[in-house]
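Work through the exercises below with the sequence and the model open side by side. Each task is followed by a solution in steps.

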Amino acid sequence: MEKKEIFSQVIHMEERIGTFHDELGELKEQLAMLIEENHALALENQHLRKLLDEKDTSEQGNDTTTSSPGKKSVGEGHDNLARLYHEGFHICNMHYGSLRANGDCLFCLSFLNQK
Ligand SMILES: [Zn+2]
């Protein structure tokens, strides 16, 4: 193999490595975004499951005690929503159950203050 040929092969390989490096960087960025998104979804899922459990339990409670829906369960429901909001989730009709990314939500706050 001639030296010139080897040299041009090395140049070519260097270019390909450069392209690989760029692609690797892009993949790394996408991976970071996916991990972040996955984390947010896992958190959201966990909270929704918890809420669902609480809802099931309170519905079962209402079924057995029958008589009156009562003020108590309404108050508890409101407390649950308030807690959910303070844990960083929307409780408003607009974005219910999703993560509050940008601080306070006026819809949520007006909903909380209705009581
Ligand atoms: Zn909201």
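Four donors count as tetrahedral if all angles lie between 85 and 135 degrees. The first exercise applies this criterion to a predicted model.

**Exercise 1. The zinc site**

Task: Identify the protein donors of the zinc ion, decide which arrangement the four donor atoms make, and place the donors along the chain.

Solution.

Step 1. The zinc ion has as its protein donors His90 through ND1 and Cys92, Cys105 and Cys108, each through SG. These atoms lie 2.1 to 2.4 Å from the zinc ion.

Step 2. The angles subtended by the four donor atoms run from 103 to 119°. The limits for tetrahedral are 85 and 135 degrees, so the arrangement around the zinc ion is tetrahedral.

Step 3. Along the chain, the donors follow the spacing H-x1-C-x12-C-x2-C.

Step 4. His90 belongs to the loop between helix 2 (70–86) and helix 3 (106–113), while Cys108 sits in helix 3, so this pair ties together parts 18 residues apart in sequence.

Step 5. Buried means under 20% relative accessible area. His90, at 10%, is therefore buried. Cys108, with a relative accessibility of 0%, also counts as buried.

**Exercise 2. Surroundings of His90 and Gly97**

Task: List the contacts of His90 beyond its neighbours within four places in sequence, then do the corresponding listing for Gly97.

Solution.

Step 1. With neighbours within four places in sequence left aside, His90 is in contact with His95, Tyr96, Gly97, Ser98, Leu99, Arg100, Cys105 and Cys108. Two of these partners, Cys105 and Cys108, are also zinc donors.

Step 2. Gly97 is in the loop between helix 2 and helix 3, and so is His90. With a relative accessible area of 2%, Gly97 is buried.

Step 3. Leaving aside neighbours within four places in sequence, Gly97 has contacts with Glu44, Leu48, Phe89 and His90.

Step 4. As a distance check, take the C-alpha atoms of Gly97 and Tyr85: they are separated by 9.1 Å, with the two residues twelve apart along the chain.

**Exercise 3. Salt bridges**

Task: Find the salt bridges in the whole structure, and state how exposed the partners Arg83 and Asp104 are.

Solution.

Step 1. Side chains of opposite charge can pair when their charged atoms come close. A search of the whole structure yields three salt bridges.

Step 2. Arg83 pairs with Glu54, with the closest N and O atoms 3.0 Å apart. This pair links distant parts of the chain, since Arg83 is in helix 2 and Glu54 in helix 1 (residues 3–65), 29 residues apart. Arg83 is partly exposed at 37% relative accessibility, and Glu54 is partly exposed at 24%.

Step 3. Arg83 also meets Glu87 in a salt bridge, at 4.0 Å from N to O. Glu87 counts as partly exposed, with 35% relative accessibility.

Step 4. A further salt bridge joins the side chains of Asp104 and Arg100, at 3.7 Å from N to O. Asp104 is exposed at 57% relative accessibility, whereas Arg100 is buried at 16%. Through shared partners, Glu54, Arg83 and Glu87 are joined by salt bridges into one network.

**Exercise 4. A nonpolar surface patch**

Task: Name the residues of the nonpolar patch on the surface and give their accessible area together.

Solution.

Step 1. The patch is formed by Met1, Ile6 and Val10. Together they have about 320 Å² of accessible area.

Step 2. Val10 is located in helix 1. Its relative accessibility is 48%, which makes Val10 partly exposed.

**Exercise 5. The chain as a whole**

Task: Describe the secondary structure of the protein chain, its buried share and its accessible surface.

Solution.

Step 1. The protein chain has three helices and zero strands. Read along the sequence, the pattern is α-α-α.

Step 2. The protein chain has 115 residues, of which 16% count as buried.

Step 3. Take the contacts between residues at least 6 apart in sequence: 42% of them join residues at least 24 apart.

Step 4. The accessible surface of the protein chain is about 9,700 Å², and 58% of that belongs to carbon and sulfur atoms.

Technical notes:
Residues are numbered from 1 along each chain as its sequence is written. This is a predicted model: local features need pLDDT of at least 70, side-chain atom pairs count only at pLDDT 80 or more; totals for chains, interfaces and linings use all residues. Side-chain values use heavy atoms; hydrogens and water are left out. Donors are N, O and S atoms within 2.8 Å of the metal (3.2 Å for Na, K and Ca); water is not among the atoms, so sites may look incomplete. Four donors count as tetrahedral if all angles lie between 85 and 135 degrees; four count as square planar and six as octahedral if opposite donors are over 155 degrees apart and all others between 65 and 115; anything else is irregular. Helices (H or I, at least four residues) and strands (E, at least two) are DSSP runs, numbered from the N terminus. Buried means under 20% relative accessible area, exposed over 50%, partly exposed in between (1.4 Å probe, protein chains only). Patches are made of residues with over 30% relative accessible area and no salt bridge: like charges are joined within 9 Å, nonpolar side chains (Val, Leu, Ile, Met, Phe, Trp, Tyr) within 5 Å. Accessible areas come from the Shrake-Rupley method with a 1.4 Å probe; for residues, only the protein chains shown count as cover. Contact means heavy atoms within 4.5 Å.
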